[in-house]
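Let's take a walk through this model together, starting with the overall layout and ending with a few individual residues. Have a look at the fold before reading on.

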Amino acid sequence: MPMEPISTRERIVAAANRLFYREGIGRVSVDAVAEEAGLTKRTLYYHFRSKDDLIAAYLDYRDLPNLRAFQRWFDEADGNIADRIAGIFSNLAAAAAHPKWKGCGFLRTSAELANLPGHPAIRTGAAHKKKVESWLASTLAAEGIVNAEALARQIRLLLDGCFAVVMLHRDPSYFATAGLAAHALVSVAGRKSSG
């Protein structure tokens, strides 16, 4: 079965994703994105009113694939809930060892836009982080863990802290260390009684 051709908008966002993730949003011009997509700047601006809208679309493009990767890593891990949560960190450590790994696109973008709290990309990034936290909370709650929301927030803080520290030191072992901390947190978490 032949694949459907991607739309012009999808081509632009895919090009922006490659460039923004690799080089950062401030270092990539709209001209560079148009060239990467094989289009004119005028065509790009037909689909996006501004670079700001394109940056938000770039993060939106990364939203579901990133969440699904966490879910897949969790589902593929063996063991109990603590082992499976730690599996997310193990997979991140493996990803961070790749030379093209540039950290969390959401956090890197928010750092570049720190002085623009109302920027559409900041809202997109915040929504993504909340989505990850909500998924963690529902996953933990499904296992009968008490205070699943608080534990999910702690795990998300470990994840985001690792992204920053691994970027700084270029040492993926921090993900493994944080995975051990997440494992310990989940292991000692209270469970709802079944009776």
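Helices here are DSSP runs of H or I with at least four residues, strands are runs of E with at least two, and both are numbered from the N terminus. Keep in mind that this is a predicted model: local features need pLDDT of at least 70, side-chain atom pairs count only at pLDDT 80 or more, and totals for chains, interfaces and linings use all residues. Residues are numbered from 1 along each chain as its sequence is written, and side-chain values use heavy atoms, with hydrogens and water left out.

On that footing, the chain comes to 9 helices and 0 strands. Read from the N terminus, the elements go α-α-α-α-α-α-α-α-α. The C-alpha trace spans about 65 × 40 × 40 Å along its principal axes. Of the 195 residues, 43% count as buried, where buried means under 20% relative accessible area, exposed means over 50%, and partly exposed is anything in between (1.4 Å probe, protein chains only). For contacts, the rule is heavy atoms within 4.5 Å. Among contacts with a separation of 6 or more, 66% are between residues 24 or more positions apart.

Helix 6 (105-112) is a good place to zoom in. Which of its residues are buried? They are Gly 105, Phe 106, Arg 108 and Thr 109. Looking down the axis of helix 6, these buried residues fall within an arc of 165°, so they line one face of the helix; the arc is that of the directions from the helix axis to the C-beta atoms. It helps to recall that an α-helix has 3.6 residues a turn, so residues three or four places apart point the same way. The buried residues of helix 6 pack against helix 1 (8-23), helix 4 (51-76), helix 7 and helix 8 (148-169).

Carry on along the chain and you get to His 119, in the loop between helix 6 and helix 7 (120-142). Is His 119 buried or exposed? Its relative accessibility is 5%, so His 119 counts as buried. A polar atom of the His 119 side chain lies 2.9 Å from the backbone nitrogen of Ala 121. That pair is a polar contact, meaning N or O atoms within 3.5 Å; within protein, one must be able to donate a hydrogen and the other to accept it, and residues adjacent in sequence count only if both atoms are side-chain atoms. Not counting residues up to four places away in sequence, His 119 touches Asp 52, Ile 55 and Leu 113.

Now for the empty space. On a 1 Å grid over the protein atoms alone, a cavity is a set of points where a 1.4 Å probe fits but cannot get out, while a pocket is an open set with protein on both sides within 12 Å along at least five of seven lines; lining residues have an atom within 4 Å of a point. Grid points are joined across faces, edges and corners, and a volume is the space filled by probe spheres set on the points. The structure has 1 cavity of 30 Å³ or more. Its lining is made up of Phe 70, Lys 129, Val 132, Arg 156, Leu 159, Asp 160 and Phe 163. Helix 8 gives the most to this lining, with 4 residues.

The largest pocket has a volume of about 250 Å³. Of its 17 lining residues, Asn 66, Phe 70, Leu 92, Gly 103 and Phe 163 lie nearest its centre. Helix 4 provides the largest share of the lining, 5 residues.

Gly 103 turns up again beside Met 167: the two are 64 residues apart in sequence but 6.1 Å apart in space, C-alpha to C-alpha. Met 167 sits in helix 8 and is partly exposed, with a relative accessible area of 22%. Leaving aside neighbours within four places in sequence, Met 167 is in contact with Trp 101, Lys 102, Gly 103, Arg 108 and Cys 162.

Finally, check the loops on either side of helix 8. Asn 147, between helix 7 and helix 8, has a positive phi near 55° and is exposed at 56% relative accessible area. Arg 170, between helix 8 and helix 9 (173-187), has a positive phi of about 55° and is exposed at 51%.
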